[in-house]
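Please find below a short note on the model, set out as numbered points. The points take up a pocket and then two loop residues.

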Amino acid sequence: MTAPDQTHGQASDGSIRAGSKSFALASRLFAPPTRVLVWDLYTWCRHCDDVVDGQVSGQGHDPHVDRAARVADLRQGTDAAFAGQAGAAGPFAALQRVVRATDLPVAFTRDHLDGFAMDAAARHYDTFADTLDYCYHVAGVVGLMMGWVMGVRDAPTLRRACDLGIAFQLTNIARDVGDDAAAGRIYLPARWLDHAQVRLGPDEPLDDRTAAGLARVVSRLLDEADAYYRSARYGVPRLPWRSAWAVATASHVYGDIGVEVRRRGAHAWRERVVTGTPAKVARALQAAFEATWATTAGTMAPAPARHGLFTPPALVMRG
């Protein structure tokens, strides 16, 4: 493992502040060497997301882009980063720095790009298992990569990091279901929607009746997210204190979004749910106490029998 080049931190910081209001504050709580690598990894992830969707820092949506071709280009650029041929600037150079500093497994990045391929192919999500598979590829494996950057190498703790990424994505789906449906993307399980007699899509207005049924489906999804948040907590004591602080803060901030979506019920999609700065600061202070207690005690509670709720394919391949 080599030391990260911190001269690139400012540009990567700008990327995360523009692309993720929920994670930006938490990311600043990492120890400086880890923080730079987290920002670099985020820069690559954000770039991949923007390229496939025709966005800028997560904003906008271009339905006319050739997503399959763009995913192919992302795979090529990512392969160049692992080969040390990504140059000195840009998102693939940022990934290259992460690879050089941590020996990041290529299987993680390939799994992540497979998630963008799902969007490119307009995959249909019939069951919750299908939705969960998508959540793993677009966010759970990001948890794996973030855990790796924090120095985690044991599979049980990496599984917890994966669970947290999945929890984040389930929360995002719950919050953004209206915007996603308008763009023709339905990530909620079709069977759940059918059972609730909810029809979603670009040509289906989100009227009061539809929103009321959708609120019940989303509440069920948030119940699943809560289980993943709970599982992820068991990994916090295995992290360095600054990383534990950052992760606990991000978990609370994202979790609060889910709480507010559930509280608003059928009105949750009239405007985007966000966590304000004062609430984020309060959560950071709470997380500092929790991280101190967890890392000192070595555990937050007796761990359940299962090593996390999801078995990441990339970890299976690693043995």
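1. In this predicted model, the second largest pocket has a volume of about 460 Å³. Its lining comprises 23 residues, and those nearest the centre of the pocket are H124, G184, R185, I186 and L200.

2. Which elements give two or more residues to the lining of the second largest pocket? They are α6 and α9, the latter spanning 190–195. The most is given by α9, which supplies 3 residues.

3. As to the chemical character of the second largest pocket, 12 lining residues are nonpolar, 4 are polar and 7 are charged.

4. Turning to the backbone, D103 has a phi near 60°, a positive value in a residue other than glycine. This residue is found in the loop that joins α5 (91–102) to α6 (106–120). Is D103 buried or exposed? The relative accessible area of D103 is 60%, so the residue is exposed, the cut-off for that class being over 50%.

5. A positive phi also occurs at A122, where the value is near 50° in a residue other than glycine. A122 belongs to the loop between α6 and α7, the latter helix covering 128–149. Because its relative accessibility is 63%, A122 counts as exposed.

6. In summary, α6 recurs in these points: α6 contributes to the lining of the second largest pocket, D103 lies in the loop between α5 and α6, and A122 lies in the loop between α6 and α7.

Notes: Residues are numbered from 1 along each chain as its sequence is written. This is a predicted model: local features need pLDDT of at least 70, side-chain atom pairs count only at pLDDT 80 or more; totals for chains, interfaces and linings use all residues. Side-chain values use heavy atoms; hydrogens and water are left out. Helices (H or I, at least four residues) and strands (E, at least two) are DSSP runs, numbered from the N terminus. Buried means under 20% relative accessible area, exposed over 50%, partly exposed in between (1.4 Å probe, protein chains only). On a 1 Å grid over the protein atoms alone, a cavity is a set of points where a 1.4 Å probe fits but cannot get out, and a pocket is an open set with protein on both sides within 12 Å along at least five of seven lines; lining residues have an atom within 4 Å of a point. Grid points are joined across faces, edges and corners, and a volume is the space filled by probe spheres set on the points. Ala, Val, Leu, Ile, Met, Phe, Trp, Tyr, Cys and Pro count as nonpolar, Asp, Glu, Lys and Arg as charged, and the others, Gly among them, as polar.
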